[in-house]
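Please open the model in your viewer and keep the sequence panel beside it. The tour goes from the whole chain to one pair of elements.

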Amino acid sequence: MSDTQLTVTLDGGGIDDARAIVRALEGVFGPPGDLPADEGATVRTATFDAPDAPRAASAPAAGGTLSAPVTVTVQGTPQAVEAASGTLSRAFTARDEGAAAGDQERERQLLLVP
């Protein structure tokens, strides 16, 4: 099966928070195609090549402590969104803020708090 894309949008927190969130997802999706880099941005994005069946993390995701609340929106295949949501919920204190489903894509929003 071909790879699809998982898009992760981060709103809030600083660049170190964004990088910690991306690092937590790398265990399941591998390195992203692009990293959040802009120090002054208020919204950051990262994209991952997401296989239809993401690999299971061999260990709990290492997240760390965030400096501020971060709203994370993940968008992609249902399997990729569920894997990303589960990984972030294990790595950080997370609150589910809602989901939307389409025919072939899903979107979920989480609030990660310090």
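Begin with a cartoon of the whole protein, in which there are two helices and five strands, running from the N terminus in the order β-α-β-β-α-β-β; helices (H or I, at least four residues) and strands (E, at least two) are DSSP runs numbered from the N terminus. What you see is a predicted model, in which local features need pLDDT of at least 70 and side-chain atom pairs count only at pLDDT 80 or more, while totals for chains, interfaces and linings use all residues. Residues are numbered from 1 along each chain as its sequence is written, and side-chain values use heavy atoms, with hydrogens and water left out.

Next, switch on the surface: the accessible area of the protein is about 5,900 Å², with 47% of it belonging to carbon and sulfur atoms (Shrake-Rupley method, 1.4 Å probe). Of the 114 residues, 38% count as buried, meaning under 20% relative accessible area with a 1.4 Å probe and protein chains only.

Now select residues 15-29, helix H1, and residues 78-91, helix H2, whose axes come within 9 Å and cross at roughly 130 degrees; the axes are lines fitted to C-alpha atoms over the stretch in contact, and angles run from 0 to 180 degrees between N-to-C directions. H1 and H2 are therefore oblique to each other, that is, outside the ranges under 35, over 145 and 65 to 115 degrees.

Finally, show side chains where the helices meet (contact means heavy atoms within 4.5 Å): H1 contributes Ile21, Ala24, Leu25, Val28 and Phe29, and H2 contributes Ala80, Ala83, Ala84, Thr87, Leu88 and Ala91.

Terms used:
Buried < 20%, exposed > 50% of the residue type's maximum accessible area, 1.4 Å probe, protein only.
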